[in-house]
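Dear colleague,

Here is the structure we talked about handing over. Please open it alongside this message; my notes on it follow below.

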Amino acid sequence: MREVQSLTSLCPIIIRQVAQELANDPRRRKDLKKQLEEFFPCLELAVETGDSKHLDVILSKWASSLTHSDMVMSSNDLVFIINKMMLVSVQVFQKELDQEQAITLINATLPHFAFAVQKVARFENQIQVDFLLKELHAAQKNLERQDKKKSDFVTVIGHEFKTPLSLVEGYTDIFEESLEGQELTSDQKLYLNGVHNGLRRLHSLINDIIDVSLIDNHLLRLNYQPYWLVHLFTALKSEFEESVKARNLELEIVPFWGQDEMAYGDPDRLLQVFKNVLSNSIKYTPDGGKIIISGRKLPNYVEITFKDSGIGIDVEDQTLIFDKFSLLEQSTHHSSGKTKFKGGGPGLGLHIAKGIIETHGGTIWVESPGCDEIHFPGSTFHILIPLFDSPEENPSFLIYQPFPSVKQDKEEHHD
Ligand code: ADP
């Protein structure tokens, strides 16, 4: 075939010219020449058979030797080199052959050059994609590591706080016992009351921190057992009786069909959720307002609602409040009691509530027309809990390790 003969005779000129144009450094030029010398026999075969596939092996070899840094650092990427080979070849054909021969050879080689360009472009794209995927994966891993470090830190801090706190609690109890039978002055009573309140708040804060870390690490385990909603409501009512009275609020628990049926779940954890939601309803409802707890049984679920006549929540904040440390503008940024109007808090209660409810397989959300501290549009929290007939129906059937009792710690640290 005449085209192949012409190509064979012209390829040393083409290789020299391409190498000269692409590499200034003699060593690099020599390397490049060696690579090109491998390419042209394949091109000749492709021209002879009319099948571009003969270029596959050499192109794959070139592509597999490419690294991403080659592509970023060097303008001599494969597409560029092949384009250059094509241009130089056309110039050499035109210069060295008569017009008719040159056109024949251009027609014979161009489709194979085009094939080569397409192929390496695809390789290069793939390398870029692989590189970006690798970077993304590394960034993701890094983020996960950072997240884990943060959670581990919170867990360690939470547990480290527990020991001294339990010691203070224990010694306070002993001190109080030692005062038994003595008439305390009003100042002494005030101080002791202050110590107890402070300890209670610290205790609850540490428990919240530990719960957040359990939830964030998917380590929250539920102690599944039979429970009755009606009993949880009774416990809830008596827990908040005093603060409801102190704030002159009306708390109505509306009975509903199904509230006295037995269900399976973790009653302590559900009560914790109800307490978190109700303490917020109390906190964000002005004195004299009303809170209604009601519910309804649905197929396989029970929905409980906490409706208050409080300041309400802006629509854009209604999902944010379930994130941890989600303190909205209207909340006071300091802890001033669990039930005082707009008393503020660490911003963990709803995050924990969401974690507990979702571990039960349920959902929690809020509805409110918006936040308005003049007209008090109120908020309604909805809690949807699945109803299981037996504990085995729920996969999260493991026991949560509760906060050790003061007595236990007292025995361990009685030094
Ligand atoms: P905390 O009460 O400790 O600040 P929470 O996670 O319990 O944290 O609540 C997050 C935020 O959601 C609160 O700071 C408050 O701004 C808003 N919020 C929660 N419940 C209500 C409610 N019933 N009415 C108005 N705002 C509420």
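**The ligand and its surroundings**

The side chain of N280 places an N or O atom 2.8 Å from an oxygen atom of the ligand. Please keep in mind that this is a predicted model. Two further polar contacts to the ligand are listed here. D308 has a polar side-chain atom 2.9 Å from a nitrogen atom of the ligand. L350 uses its backbone instead: one of its N or O atoms lies 2.9 Å from an oxygen atom of the ligand. Of the 530 Å² of accessible area that the ligand has on its own, the protein covers 98%.

The shell around the ligand has 21 residues, of which N280, K283, D308, G347 and L350 come nearest. By type, the shell divides into 10 nonpolar, nine polar and two charged residues. Two helices, α9 (267–283) and α10 (349–359), each supply at least two residues of the shell. The most comes from α9, with three residues.

**G349 and N276**

G349 is found in helix α10. Its relative accessibility is 22%, and a residue counts as buried only under 20%, so G349 is classed as partly exposed. Along the chain G349 and N276 are 73 residues apart, yet their C-alpha atoms are separated by 5.5 Å.

**The sheet**

Which order do the strands of the open sheet follow? There are five of them, arranged β2-β4-β5-β7-β6, and the pairing is mixed. Because β2 (250–253) and β6 each have a single partner strand, they stand at the edges, and one side of each is left without a neighbour in the sheet. On average, neighbouring strands of this sheet are turned by 15° against each other, direction ignored.

The pairings with bridge counts are these:

- β2 and β4 run parallel and are joined by four bridges. E252 has I292 in β4 as its bridge partner.
- β4 (residues 290–298) and β5 (residues 301–308) run antiparallel, with eight bridges between them. I291 has D308 in β5 as its bridge partner, and I293 stands opposite F306 in β5.
- β6 (residues 363–367) and β7 (residues 380–386) run antiparallel, with five bridges between them. E367 has T380 in β7 as its bridge partner.

D308 therefore appears twice in these notes, and both entries can be checked in the viewer: D308 is the bridge partner of I291, and a polar atom of the D308 side chain lies 2.9 Å from a nitrogen atom of the ligand.

The side chains of β6 alternate along the strand. I364 and V366 point to one face and are buried, while T363, W365 and E367 point to the other face and are not buried.

**Loops and backbone angles**

β4 and β5 form a hairpin with two residues between them. N300 is found in the loop that links these strands. Although N300 is not a glycine, its phi is positive, at about 70°. Is N300 buried or exposed? The relative accessibility of N300 is 58%, and the cut-off for exposed is over 50%, so N300 counts as exposed.

A second residue of this kind is N248, in the loop between α8 (229–246) and β2. The phi of N248 is near 55°, a positive value in a residue other than glycine. N248 has a relative accessible area of 56% and is exposed.

R247 also has its place in the loop between α8 and β2. R247 is buried, because its relative accessible area is 7%. What does the side chain of R247 reach? At 2.8 Å, the R247 side chain reaches the backbone oxygen of I282. The loop between α8 and β2 thus holds the buried R247 and the exposed N248.

Regards

Methods: Residues numbered from 1 in each chain as written. Predicted model: local features only at pLDDT ≥ 70, side-chain atom pairs only at ≥ 80, totals over all residues. Heavy atoms only, no water. Near = heavy atom within 4 Å. Polar contact = N/O pair within 3.5 Å; in protein donor to acceptor, adjacent residues only side chain to side chain. Areas by Shrake-Rupley, 256 points an atom, 1.4 Å probe, with all protein chains shown as cover. Nonpolar A, V, L, I, M, F, W, Y, C, P; charged D, E, K, R; others polar. Buried < 20%, exposed > 50% of the residue type's maximum accessible area, 1.4 Å probe, protein only. Pairing = 2+ DSSP bridges. Axes fitted to C-alpha atoms, helices over the stretch in contact; angles between N-to-C directions.
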